[in-house]
Amino acid sequence: MLTCDQTFDCLTDPIHRHNESVEQHLDACPRCRDMADALEPALDLFGEVNEVETWQLPMASGEYELEEQPRVDRAPAGAAPRPWARGYKRSTRLHNDGLTIAVFLVLISTMAAALVNVGRDDESAAAVAIQLPPNCQRTEPTKSDADNVIAGCVACHLKMAALADMEPMHRQHAQTLVNRCVECHLEIAMHSTDTDVAISRTADPASHSLLANCLFGRGS
Amino acid sequence: MNLNDQQIMAQVLSGRTELFDELVRRHRASMLRAACSKLRNSAAAEEAVQDAFLNAYARRVTFNAQYSFRGWLWTILLNTCRTLARRERNRPDQANGGDLLYQNEPVSNDDALGHLLNLERNALLAELLNELPEPQADALRLRFYGGLKFEEIAQAMNCSLNGAKQRVRCGLERLAASVRRNGSFSQDPERDK
C-alpha cells in the first residue's frame with residue numbers, strides 16, 4: 001500500500017496518476033481522496049495540454065535545416081553555428097554580436113599589421129614584393145659566383161628597370177632589388193685582388209650599360 | 001543512446017562535446033513548453049531555451065555530478081527566463097501576448113475544432129499559471145512540463161524537498177480553484193456542447 005506522500009507523488013505524475021495502487025490508497029484514505037478531488041481540474045488541464053503538445057512541438061534534432069521550417073523569419077541567414085543542433089538558427093542578437101566581433105577582429109589585425117610595418121624602411125618593403133631568383137637567394141656567395149650573379153641580375157632585372165614606360169612603383173622595386181644584388185655581390189668581387197677583371201667579365205657590354213643605368217638611377 | 005543524462009554529461013566533460021546534442025534532443029521540448037508558459041511568447045521562449053543550452057554548455061565544467069543534471073539545467077532555464085522577462089518588461093515598444101504557444105496548423109477540417117480547443121487550453125493554462133505566485137508557478141512547470149522529481153525541483157528552486165512539494169500542492173489547489181471559476185475545458189468537443 002502506498003503512503004500518503006507517495007500517493008501525492010503519483011497523482012502529480014502523469015504516467016502513474018491512474019495506477020491501481022493509487023486508486024487503492026484513495027479508496028482507503030478519505031483525506032487523500034479529498035485532496036485528489038480538489039486537485040483534479042488542475043491535473044486534468046495539465047494532462048490534456050501535455051498530451052496535445054507532445055506531438056505538436058517542433059524539435060531541432062539536427063537532422064533537418066530550419067530554413068525549411070515556417071518559422072525561418074525569426075532568425076537571420078548565416079547564423080553562427082553551435083556545437084550542437086546543427087542547422088538550428090541562433091537568434092538575431094547573437095548573430096549580430098558575432099558579426100560585430102568579426103569586424104572588430106579584422107580591424108585589430110589590420111592595425112597590428114600596419115604597426116609592425118612602421119619600423120621597416122621602404123627599400124626592404126619593396127624588395128619583399130619581388131621574388132628573388134635562385135642565384136640571388138644564396139646565403140654564402142663565393143667569389144667565383146659573383147660574376148654570374150651580377151650577370152643574372154643585370155640580364156633579368158635591369159632590363160625591367162630600364163624600361164621607360166614602366167609603372168613608377170614597379171620600376172622602383174626593380175631598381176631597389178638590383179641595387180641590393182649588385183651591392184652585395186660586387187662587394188664580394190671587390191674583395192678579390194682582380195676587381196676590374198671581375199667586373200669586366202660580367203657578360204657583355206650591354207649588361208655593363210644596364211648596370212650603370214641601375215647604379216646611377218637612369219632609365220635607358 | 002542508452003546513457004543517462006549524468007553519463008552523457010561526464011562524456012561531454014571528458015571532451016566528447018558532440019554528445020551534448022543528445023541532451024538538447026531529450027530536454028528541449030519540455031523546456032520550450034515551460035518557457036512558453038512562463039514568457040507567453042514563443043519567440044522569446046525559443047530564445048530563452050537556446051540561451052539556457054548555450055549557458056549550460058559554456059559553463060559545463062560547473063556541473064556537479066553529485067546532483068541531478070535536469071535540476072541543474074532547469075535552474076539555468078528559470079534564471080534565463082527571469083532575465084529575459086525583465087528585459088522584455090523594460091522594453092516599452094514590445095508587443096505583448098498573442099503568440100502564446102507553438103501550435104501547428106490542423107491537418108484536416110476534423111482537427112480544426114480540436115485545434116482551437118487546444119489553443120484555448122494552452123492560453124488558459126498559461127494565464128492561470130501567471131496569476132499564481134512565481135515560486136508555485138515555477139514548481140508546477142518543473143513538475144508537469146519538465147517531469148522533474150521533487151528532489152530535482154528542490155535542487156532547481158533551491159528549497160527543501162518538503163518546500164518543493166508544498167509549492168506544487170498549493171499551486172495545484174489555487175490552479176484548480178481558478179479552473180473551476182473559469183469553467184472546464186475538454187478535448188472532446190461533443191462533451192462541451
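Begin with chain A of this predicted model, where, among the contacts with a separation of 6 or more, 46% are made by residues 24 or more positions apart. If you colour chain A by secondary structure, you will find nine helices and zero strands, and of its 220 residues 36% count as buried. The accessible surface of chain A comes to about 13300 Å², and 58% of that area belongs to carbon and sulfur atoms.

Now select chain B, which likewise comes to nine helices and zero strands, and in which 49% of the 193 residues count as buried. Here residues 24 or more positions apart supply 64% of the contacts with a separation of 6 or more. Chain B exposes about 9500 Å², with carbon and sulfur atoms supplying 46% of that surface.

For the next stop, go back to chain A and select helix α4, residues 92-118, in which Phe104(A) is found. Is Phe104(A) buried or exposed? Its relative accessibility is 51%, and because residues over 50% are called exposed, Phe104(A) counts as exposed. Add Ile101(A), Leu105(A), Ile108(A) and Met111(A) to the selection, and together with Phe104(A) you have a nonpolar patch on the surface, with about 530 Å² of accessible area in total. As you look along this stretch, it may help to remember that an α-helix has 3.6 residues a turn, so residues three or four places apart point the same way.

Move on to helix α7 of chain B, residues 150-157. Six of the eight residues of α7(B) are buried, so this helix is largely enclosed by the rest of the structure. The buried residues to select are Phe150(B), Glu152(B), Ile153(B), Ala154(B), Ala156(B) and Met157(B). Which elements cover them? The cover includes α1 of chain A, and also α4 (69-89), α6 (134-145) and α8 (161-182) of chain B. Just after α7(B), select Asn158(B), whose phi is positive, at about 55°.

The aromatic rings make the next stop, and over all chains there are eight aromatic pairs. Show the side chains of Phe8(A) and Phe150(B): their ring centres are 5.8 Å apart and their planes meet at 20°, so this pair is stacked. Phe8(A) belongs to helix α1 (residues 4-11) of chain A, whereas Phe150(B) belongs to helix α7 of chain B, so the pair joins two chains. Both Phe8(A) and Phe150(B) are buried.

For another arrangement of rings, select Phe63(B) and Trp72(B), a tilted aromatic pair with 5.2 Å from centre to centre and 55° between the planes. Phe63(B) and Trp72(B) are both buried.

Return to the stacked pair and add two arginines to the view. The charged end of Arg143(B) sits over the ring of Phe150(B), at 4.3 Å from the ring centre, while the charged end of Arg169(B) sits over the ring of Phe8(A), at 4.5 Å from the centre of that ring.

As a last selection, show Phe46(A), Phe144(B) and Tyr145(B), which ring pairs link into a cluster.

Key: Residues numbered from 1 in each chain as written. Chains lettered and ligands numbered in written order. Predicted model: local features only at pLDDT ≥ 70, side-chain atom pairs only at ≥ 80, totals over all residues. Heavy atoms only, no water. Helix = DSSP H or I, 4+ residues; strand = E, 2+ residues; numbered from the N terminus. Buried < 20%, exposed > 50% of the residue type's maximum accessible area, 1.4 Å probe, protein only. Contact = heavy atoms within 4.5 Å. Areas by Shrake-Rupley, 256 points an atom, 1.4 Å probe, with all protein chains shown as cover. Phe/Tyr/Trp six-rings, centres within 6.5 Å; stacked < 30°, edge-to-face > 60°. Lys NZ or Arg CZ within 6 Å of the ring centre and 35° of its normal. Patch = residues over 30% accessible without salt bridge, like charges linked within 9 Å, V, L, I, M, F, W, Y side chains within 5 Å. Salt bridge = Lys/Arg side-chain N within 4 Å of Asp/Glu carboxyl O.
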